[in-house]
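Open the structure in your viewer and keep the selection tool handy. We will move from one stop to the next, and at each one you will hear what to select and what is there.

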Amino acid sequence: MRTDVLGVGFDSLTMEQAVTQALEEIAARSGRYIVTPNPEIVWLCRKDKALGQIIGQAALVLPDGVGITLGAKILGRPLAARLPGIDFVANLLAEMARRGQSVFLYGAKPGVAEQAGESLLIRYPGLKLVGTADGYSDDQPTIAAIRAAEPDMLLVCLGAPRQEQWMARHGASLDVGLMAGLGGVLDVFSGSVKRAPKIFQKLGLEWFYRLCKEPRRIGRMMRLPLFLFAVIGQRIRRK
């Protein structure tokens with residue numbers, strides 16, 4: 001049973017459990033998808049019911065942002081762990097490499113997916129890279145390339161909510177083991193964007209580090225206090 005945070009149900013899993021479940025989906029070639037919502041996406045789901053349904057139909061709904069785990073605590077139903085998308089996929093790819101499984105990278109600016117792929121092959125010997133496509137490519141050639149590659153794992157990194165909508169729309173027509181919507185992870189894997197220092201990661205302050213680097217994000221970040229106030233309201237209504 002998922003933990004409801006403002007209408008979005010999250011799976012309460014450790015990293016090991018999440019990776020194990022993902023590997024099971026890959027082995028079954030379920031063709032399903034994983035989502036990693038943060039408070040901003042949860043907030044969008046309150047207004048966009050179709051997006052909420054897409055999130056709810058995912059094979060795994062992992063709590064990416066510290067706001068999600070904080071919100072679950074406020075509601076008195078703490079989640080097992082915060083599972084940042086980039087840490088989850090790093091652990092998953094490591095296990096896939098041991099099995100000699102394959103991945104297709106889709107998203108980011110032209111050239112980024114290729115650079116990310118080169119980095120991943122060095123980092124995870126045994127992993128098979130069966131294709132890449134940038135996030136500006138037309139859908140039909142990209143879909144044809146994915147079908148031809150038949151990857152065990154498809155990383156869809158188009159940014160939310162576009163990536164979630166894309167997976168829900170096209171997933172059934174693709175021969176893939178599993179998909180995951182992972183925002184900007186290809187930028188990080190490629191080295192074109194530097195991840196926050198370890199201390200920020202440990203404290204759950206990667207959002208603050210990004211804000212310092214990109215002050216224009218302040219408008220988006222202002223949704224976090226609104227999210228927390230809404231969670232408190234949900235807690236009060238339950239009493």
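A residue is called buried when its relative accessible area is under 20%, exposed when that area is over 50%, and partly exposed in between. Please also keep in mind that this is a predicted model.

**Stop 1: D64**

Select D64. Is this residue buried, exposed or partly exposed? Its relative accessibility is 22%, so D64 counts as partly exposed. You will find D64 in the loop between β4 (60–61) and α4 (66–74).

Now show what surrounds D64. Leaving aside neighbours within four places in sequence, D64 is in contact with T36, P37, N38, R82, L83, P84 and G85. Zoom in on G85, one of these partners. A polar atom of the D64 side chain lies 2.6 Å from the backbone nitrogen of G85. Then select I86, which is 22 residues from D64 along the chain. The C-alpha atoms of D64 and I86 are separated by 9.0 Å.

**Stop 2: R29 and D152**

Next come the charged pairs. Side chains of opposite charge can pair when their charged atoms come close. How many salt bridges are there? The count comes to six salt bridges.

Select R29 and D152 together. Their side chains meet in a salt bridge, with 3.2 Å from N to O. R29 sits in the loop between α1 (15–28) and β3 (32–35), and D152 in the loop between α7 (139–149) and β7 (153–157), so this pair ties together parts that are 123 residues apart in sequence. R29 has a relative accessible area of 33%, so it is partly exposed. D152, with a relative accessible area of 16%, is buried.

**Stop 3: E95 and its two partners**

Move to helix α5, residues 85–98, and select E95 and R98. Both lie in this helix, three residues apart, which is about one turn. Their side chains meet in a salt bridge, with 2.5 Å from N to O. E95 is partly exposed at 25% relative accessibility, while R98 is exposed, with a relative accessible area of 61%.

Add R99 to the selection. E95 forms a salt bridge with R99 too, and the closest N and O atoms are 3.2 Å apart. R99 is partly exposed, with a relative accessible area of 47%. Before you go on, add D175 to your earlier pair: salt bridges that share partners join R29, D152 and D175 into one network.

**Stop 4: C45 and C157**

Select C45 and C157. Why is there no bond between their sulfur atoms? The sulfur of C45 is 19 Å from its closest cysteine sulfur, which is in C157, and this is too far for a bond because a disulfide needs the two sulfur atoms within 2.5 Å. The structure holds zero disulfides. C45 is buried, with a relative accessible area of 7%, and C157 is buried as well, with 4%.

**Stop 5: unusual backbone angles**

Most residues other than glycine have a negative phi, and most peptide bonds are trans. Here are some exceptions to look up.

- Select A160 and P161: a cis peptide bond joins them, with omega about 5°. P161 lies in the loop between β7 and α8 (162–170).
- Go back to R29: its phi is positive, about 45°, although R29 is not a glycine.
- Select E150: its phi is positive too, near 50°, in a residue other than glycine. E150 lies in the loop between α7 and β7 and is partly exposed, at 46% relative accessibility.

**Last stop: the whole chain**

Clear your selection and zoom out. The chain has 13 helices and eight strands. Along its principal axes, the C-alpha trace spans about 55 × 35 × 35 Å. A compact globule of 239 residues would have a radius of gyration near 18 Å, and the chain agrees with this because its value is 17 Å.

Try colouring by accessibility: 49% of the 239 residues count as buried. The accessible surface comes to about 11500 Å², and 54% of that belongs to carbon and sulfur atoms. Finally, think about who touches whom. Among contacts between residues at least 6 apart in sequence, 78% join residues at least 24 apart.

Note on methods. Residues numbered from 1 in each chain as written. Predicted model: local features only at pLDDT ≥ 70, side-chain atom pairs only at ≥ 80, totals over all residues. Heavy atoms only, no water. Helix = DSSP H or I, 4+ residues; strand = E, 2+ residues; numbered from the N terminus. Buried < 20%, exposed > 50% of the residue type's maximum accessible area, 1.4 Å probe, protein only. Contact = heavy atoms within 4.5 Å. Polar contact = N/O pair within 3.5 Å; in protein donor to acceptor, adjacent residues only side chain to side chain. Salt bridge = Lys/Arg side-chain N within 4 Å of Asp/Glu carboxyl O. Rg over C-alpha atoms; globule rule 2.2 N^0.38 Å. Areas by Shrake-Rupley, 256 points an atom, 1.4 Å probe, with all protein chains shown as cover.
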